[in-house]
Amino acid sequence: MRLTELCTADFEEAWQILAESFPPEERRTKEGQREIMNEEAYRLYGCREEGELLAILAVWEFETFTFLVHFAVRKAARGGGLGGTLLKEFLAG
């Protein structure tokens, strides 16, 4: 599995994972999330298998540090170690 940077074309799939993984008070509105994707320091990474987006990592990448905002695995893909594998890959950067 590999993390790749997502783009606005991936927004709906990424939003589905965010919406199923976090309660409303722990995420932006859908429109707020769509807008934040245009911020220069904001990055959204994902992992696909057979074309399906299975996990996302949302981060702010600044010159001196990176802040991980959201990290989520699609419900159907949880429990198999994917999250740990992706987090290790991200940290190895």
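Two strands count as paired here if DSSP finds at least two bridges between them. Keep that in mind as you work through this predicted model.

**Exercise 1.** Work out how strand 2 and strand 3 are joined, and in which sense they run.

*Solution.* Start with the bridges: eight of them join strand 2 to strand 3. The two strands run antiparallel. For a landmark, find Leu44, which stands opposite Ala58 in strand 3. Then look at the turn: this hairpin has two residues between its strands, and Glu50 takes a positive phi near 55° there.

**Exercise 2.** Follow the chain from strand 3 into strand 4 and describe their pairing.

*Solution.* Strand 3 covers residues 52–61. A hairpin of four residues connects strand 3 to strand 4. The pair is antiparallel, with seven bridges. Among the partners, Val59 is matched with Leu68 of strand 4, and Ala55 with Val73 of strand 4.

**Exercise 3.** Assemble the sheet: what is the strand order, and which strands stand at the edges?

*Solution.* The sheet is open, with four strands in the order 1-2-3-4 and antiparallel pairing. Strand 1 (3–5) and strand 4 (66–73) each have a single partner strand, so one side of each is left without a neighbour in the sheet. On average, neighbouring strands are turned by 25° against each other, direction ignored.

**Exercise 4.** Find which helices lie across strand 3, and say how many of its residues are buried.

*Solution.* Helix 1 (residues 11–21) lies across strands 2, 3 and 4, at about 85° to strand 3. Helix 3 (residues 82–92) lies across strands 1, 2, 3 and 4, at about 160° to strand 4. Now count burial, taking under 20% relative accessible area as the cut-off: eight of the 10 residues in strand 3 are buried.

How values were computed:
Residues numbered from 1 in each chain as written. Predicted model: local features only at pLDDT ≥ 70, side-chain atom pairs only at ≥ 80, totals over all residues. Heavy atoms only, no water. Axes fitted to C-alpha atoms, helices over the stretch in contact; angles between N-to-C directions. Contact = heavy atoms within 4.5 Å. Buried < 20%, exposed > 50% of the residue type's maximum accessible area, 1.4 Å probe, protein only.
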